[in-house]
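Welcome! Work through the exercises below with the structure open beside you, and try each task before you read its solution.

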Amino acid sequence: MIEPPGIAVECKVQCVDGQLQISGEMTIYTCEAVASKVLSAITPDATPLRFALEQVTEMDTAGLQVILMARKHAKDLAREVSIESASPAVADVLGLCGLSDLVVSP
Amino acid sequence: MNLDDALPGFIAESAEILREMEAGLLACTADSTDPETINLIFRSAHTLKGSAGLFGLDVIVDFVHVMETVLDAVRLNRIGLTGELVALLLSCKDHVETLVSHLSSGNDPQLQEKSQQLIGALQEASGLDAGGSATTAGSGATKGTPEEATIWHISVRFGRDVLTAGMDPLGFIRYLRTLGEFLSVRLLDDALPPPAGYEPTQCYVGFEIDLHSSAGKARIEAAFEFVREDCTLSVTAVPPSALPAKKSSSRKTAEATGSSVRVDAVKLDNLITRIGELITASAGASLAARRSGNSELDESTSVLAALIEQVRESALQLRMVKIGGTFQRFQRVVHDVSRELGKEIRLVVHGEKTELDKTLVERIADPLTHLVRNAIDHGIESADVRAAAGKPAIGSVTLNAFHDSGSIVIEVTDDGGGLKRERILEKAIERGLADPNREWTDSEVFNFIFEPGFSTAEQVTNLSGRGVGMDVVKRNITALRGTVDIRSSPGIGTTVTVRLPLTLAIINGFLVTVGKASFVLPLESIDECVEFSAEQDHDFTNLRGNVLPFVRLREIFGTVEPLPRRQSIVVVKHAGQRVGLVVDALLGASQTVIKPLGKLFRNVDCVSGSSILGNGEVALILDVPALVRRSASVAAAHTRRAHGGDTAKVFNLENRRCSQT
């Protein structure tokens, strides 16, 4: 369950029609790249921003912070944010932090 | 601490946790799923994983982790808890049990294969990729149920450099969760800067947590040991009234397991043996004191004897366990067997709190399992037959336990078709067990099913019907000095009644003499003692207007000493029947340590054991059930011989009338 050393950790972010699809690992190793892509996707817009996280294999504090940061930033722009799908890894983290309410099925 | 020494503790704890998990899972099938029950199951899995992790038992950790993930998904309502999933989780629970019991044998490839198989099935059933969220890293020392748990408020803000130092705040929170139960968690993100100043590798979060845990302040603070320099932490105890009432169920478990001590059964047995010797010695001392004529000595020995009796009571109480635990196991048996047979069956349990000796509980489980299986397989009809008879489609098997005059009675009742009396009798006659020219009472006929190899089943199923079993059940129960009896009404159901002595070690005895020999009767079985009288030349007497059949112990034991001037009748009762025993003299109550009879005397009728009296003499313990049976059969034979078959019925009626008083 711990990535063997030497294998590059990857995380892809795709933004289509207000849906941010993230796959791979949302950890300290990937957070910088993920954060810049996610934050750049948050522009003033009427449609709510939806995270699709069912492909996320691992999430740590840094990964979670990206989501929290996105939420805060979007709120400043008066845009709604929700998580429409969560992998077990993400659900586990959200459950642990009392944030399960963020997950809203479409 | 040497972990190897603690391993037996883990094994015992895990057995308890697994039992809890099983009970939870079975409760889910019985009625609709209660979120609290699912939480309980989830917590059991979680606790188990934590404990196994502490001992580095990776095989168990990895396996339970998958179970936990699936349960978590159920808990969050992401997948439904179907009957199939419950069955799968039950077999997973069994597998964990096997893994725990095979700890010493290391990595058995067969077990590994089974693990993989079940993991695959779990993943398939849940549609989850269970590997994703490994939480093993954080789960360290875990204690099962909290003892005198308090609520702690934990407030923590992590320093900016925590993440770059290679630590993950979520890991600490996860570990914290293993110490107890989170009542509330609030993640604080107010430290997050505007996007421009945001450094993804810096840490901005903090937590406010209410934790219900038995761990002390130091232990909770120790959870943050690695980031102590790099965070602001405050842990404060919250007075219980300040928070809304906690969910009742976990408090209940805390009460149930709260203040108990695990004691080695061998130590307990030793204690009972010693107390047995103490009682014998004390009886000897009392006797000597009385003989010496020293009243002061006499008085102190009698005080001593009274105290010893109290000690005996408490020592025996130690061995007493509630039968509920054993009954709980049958939920599983019923679940599995009814699934296998495709019958819908409900298990109803009464009297779970009835207590009986630990050894008995262990040894009665197998015979009971057999009776329950039998009830399901033969007793309960298939759904369409039931519907045709106008019965509810769901069959029910009832287990009931209660105390009755010094014995414990366990009843297994089904609401099925009842025993086919004619068929059993036919079969018994065919096999030469029954005399076709004789009237047979229902109870006599039903007792034939306890004969070895006796079966009337037309269809032999996987479970029963091969005629093996009921005789073993009877033999096992008889070996415990118990009896078994059947009542059945066609179309309504069958009740099997098992009657066992409360304890196997020491009884309150009543001492009588016949000739020069002393005999002990269990005090609980005695109703009263009356002066001897008999209807002329008959073996029964008039007891306040009712017929009381009696047995002359002098005849049974071939006593040759001359008759005393007056004899007495001890009225004993067993299974609703009253019988008189004619004895020479009554000596009174005494504590009796039961010693088993030697192999040579195994076949001696009417005697169930022996005991050593204070004066060193041996007294035989009379087997009341056997004597009652003997009286019934002797009396029946007498009347039949005297008046022909018809009057047997009359006698039986009379007999029944006395048993009703």
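**Exercise 1: Getting to know chain A**

What percentage of the 106 residues of chain A count as buried?

*Solution.* Keep in mind that this is a predicted model. Of the 106 residues in chain A, 45% count as buried. Next, look at the elements: chain A has three helices and four strands. Along the sequence they follow the pattern β-β-α-β-α-β-α. Finally, take the contacts in chain A between residues at least 6 apart in sequence: 67% of them join residues at least 24 apart.

**Exercise 2: Surveying chain B**

Find how many helices and strands chain B has, and what share of its residues is buried.

*Solution.* Begin with the elements: chain B holds 19 helices and 21 strands. Then turn to burial: of its 661 residues, 34% are buried.

**Exercise 3: Where the chains meet**

Work out which elements of chain A take part in the contact with chain B.

*Solution.* Start with the totals: 29 residues from chain A and 32 residues from chain B make up the contact. On the chain A side, the elements giving two or more residues are α1 (31–41), β3 (49–59), α2 (61–76) and α3 (88–96). Of these, α2(A) gives the most, with eight residues. By residue type, the chain A side divides into 16 nonpolar, eight polar and five charged.

**Exercise 4: A sheet in chain B**

Trace the open sheet that contains β9 of chain B, and find the strands at its edges.

*Solution.* First, write down the order of the five strands, β6-β8-β9-β11-β10 in chain B, with mixed pairing. Now look at the ends: β6 (345–350) and β10 (483–489) of chain B each have a single partner strand, so one side of each lacks a neighbour in the sheet. On average, neighbouring strands are turned by 15 degrees against each other, ignoring direction. Then zoom in on one pair: β9 (residues 407–414) and β11 (residues 493–501) of chain B run antiparallel and are joined by eight bridges. Here B:D414 stands opposite B:T494 in β11(B). Last, helix α11 (residues 324–341) of chain B packs on the sheet, touching β6 and β8 (395–404) of chain B.

**Exercise 5: One serine**

Why does B:S44 count as buried?

*Solution.* Locate B:S44 in helix α2 (residues 35–54) of chain B. Count its neighbours: B:S44 has 27 C-beta neighbours inside 10 Å, so B:S44 counts as buried. The cut-off is 20 or more. Beyond four places away in sequence, B:S44 touches B:I17, B:E20, B:M21 and B:G24. For B:I17, the C-alpha atoms are 5.8 Å apart, although 27 residues separate the two in sequence.

Note on methods:
Residues are numbered from 1 along each chain as its sequence is written. Chains are lettered from A and ligands numbered from 1 in the order in which they are written. This is a predicted model: local features need pLDDT of at least 70, side-chain atom pairs count only at pLDDT 80 or more; totals for chains, interfaces and linings use all residues. A residue is buried if 20 or more other C-beta atoms lie within 10 Å of its own, exposed if 12 or fewer, and partly exposed in between; C-beta atoms are placed from the backbone. Two residues are in contact if their C-beta atoms, placed from the backbone, lie within 7 Å. Ala, Val, Leu, Ile, Met, Phe, Trp, Tyr, Cys and Pro count as nonpolar, Asp, Glu, Lys and Arg as charged, and the others, Gly among them, as polar. Two strands pair if DSSP finds at least two bridges between them. Axes are lines fitted to C-alpha atoms, for helices over the stretch in contact, and angles run from 0 to 180 degrees between N-to-C directions.
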